[in-house]
Amino acid sequence: MDPEEAADSQLMYSIDRPVYDEAFLRTQLLHRKENSTTLRQRLANHCRCSTEKAKAAVLTFLPILTWLPSYPVKQYLLSDVVSGLSTGVVQLPQGLAYAMLAAVPPVYGLYSSFYPVLLYTFFGTSRHISIGTFAVVSLMIGGVAVREAPDSMFILPANGSNMSDVVDVAARDAKRVQVAVVLTTLVGIIQFVFGLLRFGFVAIYLTEPLVRGFTTAAAVHVVVSQLKYLLGVKTPRFSGPLSVIFSVSAVVSDITSTNVTTLILGLVCLVFLYVIKDLNERFKKKLPIPIPGEIIVVIVSTGVSYGLLLSEDYSVGVVGKIPTGLLPPSLPDFSLLPSLVTDSFAIAIVGFSMGVSLAKIFALKHGYTVDGNQELIALGLCNFISSFFQTFAITCSMSRSLVQESTGGKTQIAGLLSSLVVLLVVVAIGFVFQPLPQTALAAIIMVNLLGMFKQFRDIPALWRTSKIELAIWLVAFVASVLLGLDYGLLVAVAFAIITVIYRTQSPKSAVLGHVSGTGLYCDVDEYEEAAEYEGIKIFHSNSSIYFANSDLYVNTLKEKTGVNPEDLQAVRKARRKLKEKYEEQGVTHEVLSHNNVAEEQRNGQLEDRHSESDLEEAVFIEPLCTVHSIILDWTSASFIDSVGAKAIKQVMKEYAAVDVKVVIAGCNRTLLSELDALQFFTGIVTPETVFPTVHDAVLRCQHSNSNSQVYILK
């Protein structure tokens, strides 16, 4: 295709219209619709009940009713059964392991792997995430439980002077369970209320770099907390700021008492699980289901522990008593609530953000949508209702969700079946796992965190792409490691918000020029084709204008355009003094005698004086500045506050005082409504100074200047 044919085939954009300003648009072109409905009518319409509204509300609250009646049994059931059994096999050892992180007996991890998963089947909107225990949330709960019920509260009096203090483990664990249950109740209430108030958007404040830095720090906390189980040493559990440092110090100082049998067994489990995980990753396309390495480790290590009497003969720590059956529902001890409010907010937001982010990833991959607000409601109900059955807070697990999806899970039926696998263990064969070594559970936890430690690869990638996001990642990681997960999350969110303020306070600004033959305006410093119009400066800043950056906006405007009203006023004052001096000299000339004039003519002085006067007169009528118009390009501005509006109005007055006209272009209708509400259009600022496009503003400024070429010195 030759160039002429290519040009003919292009879509052409041609328009012939008058130059528009805001005054013309308001009076001639755009007319607001009249809203005849009153507030009372709108409230009545919103609150009016109908069959359709009731049905929609029920279907929204119980998503299972939207897909279960049309569930394709032949196509989906087998896949869901295989996926559910596979996920349940993984969920069982993880429930036991993460209970250790939550500082409660292992059986409560099984309870938390049953009730919430069952409930999510009815209320959740994601088909692929696996609800249940999760390392980060479990560790946050454990930190609170240890803080509220430390070992020092349960020291039994020693019978002899040489005997060391003994901890009443049963009383301590019972108290920690109470703390975890009350905390879970409060987390559920917060998530449920946030869901009803449509607060699903709160997750946007947890940006991906923040979440990844935070979860990496959580992985460090988890690994450090498991070192004592892997080594078989007896050290206290720390919580709060610098708990990681205290925990590592305690383990290192007591490392000489390492139980060699425990360490060997733990290392064997670690290596085995790592190899199985690597094989599953390498051959995931060839394997029908992943190799269940965790359940193999649980069964084999339990058998070895039972057969060799590792607990009795080698002092290897084991899970201990696992009661058979489910506990009856009971009310949490609400007297503990006041001291848990801050922690519950942190856990509620982290749990929701982890769940909804993973749910959206799977929804995008498989072509369906998830409702963030309904996810909040679902998680809230799962936590709140389950807490009456002695569970601790849950969210979705990345490793289990990947198992559920990769093994062919199609719907929430897979999650339902995985919960039934856990139920079978709880009611029938839980006692079998009593000899399970704690070091094996520690190995399971550590290997499951490998994915989180791979997030360190984000650092070089973010260094190349975004230094600010790298700073968010590092602050979230360092703060969470050193200050604890609760304070660390708070610091990370605050820092992320500060970076947003920093970006709006330091926006990219430019002077624009016209690209010939187009309606485009681009940065003159960046593009060769962009050329400025004579006497016109077009200032662009990619930010809104509000209290935090209004001064910076005005200063940058003066710097970029090279037109400073204060300097021009100084020049004007200097000219005025020069004119006054000239006028005094002119009066003196009028009283000169004819003889003096003749004498000066003969000497050639009068000619020089007249030439000097002509030059001074030329200076008087010369404009103060070669720039007669400044156009503020507001196409990027989304809002303005009263401080910003006052700053812009003031700078327009300053420029008007030195004969430089300032107009606004590209202002959206919402921003114009805000300007109206702020009473911006008063005095010298009128709707005639606002234009819908930059080109409209340029044409008007050119036309206005061509009609007023006389410059008057005020």
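This is a short talk about the salt bridges in this structure.

Okay, hi everyone. One thing up front: what you're looking at is a predicted model. With that in mind, let's talk about charged side chains. The count here comes to 17 salt bridges, and I'll walk you through a few of them.

Let's start with Arg26. Its side chain meets that of Asp676 in a salt bridge, at 3.0 Å from N to O. The two sit in distant parts of the chain, 650 residues apart: Arg26 belongs to helix 2 (residues 22-29) and Asp676 to helix 30 (residues 669-677). Both ends get some exposure: Arg26 is partly exposed, with a relative accessible area of 28%, and Asp676 is partly exposed too, at 34%. And this pair has company, since a network of salt bridges links Glu22, Arg26, Arg669 and Asp676.

Next up, Arg147. It forms a salt bridge with Asp343, and the closest N and O atoms are 2.8 Å apart. Arg147 is in helix 9 (residues 135-148) and Asp343 is in helix 16 (residues 341-366), so this pair ties together parts that are 196 residues apart in sequence. Now, which of these residues is buried? That's Asp343, at 6% relative accessibility, because anything under 20% counts as buried. Arg147, on the other hand, is partly exposed, with a relative accessible area of 35%.

Last one: Lys558 and Glu566. They form a salt bridge too, with the closest N and O atoms 3.3 Å apart. Here Lys558 counts as buried, at 12% relative accessibility, while Glu566 counts as partly exposed, at 42%.

That's my tour, thanks for listening!

Definitions and conventions. Residues numbered from 1 in each chain as written. Predicted model: local features only at pLDDT ≥ 70, side-chain atom pairs only at ≥ 80, totals over all residues. Heavy atoms only, no water. Salt bridge = Lys/Arg side-chain N within 4 Å of Asp/Glu carboxyl O. Helix = DSSP H or I, 4+ residues; strand = E, 2+ residues; numbered from the N terminus. Buried < 20%, exposed > 50% of the residue type's maximum accessible area, 1.4 Å probe, protein only.
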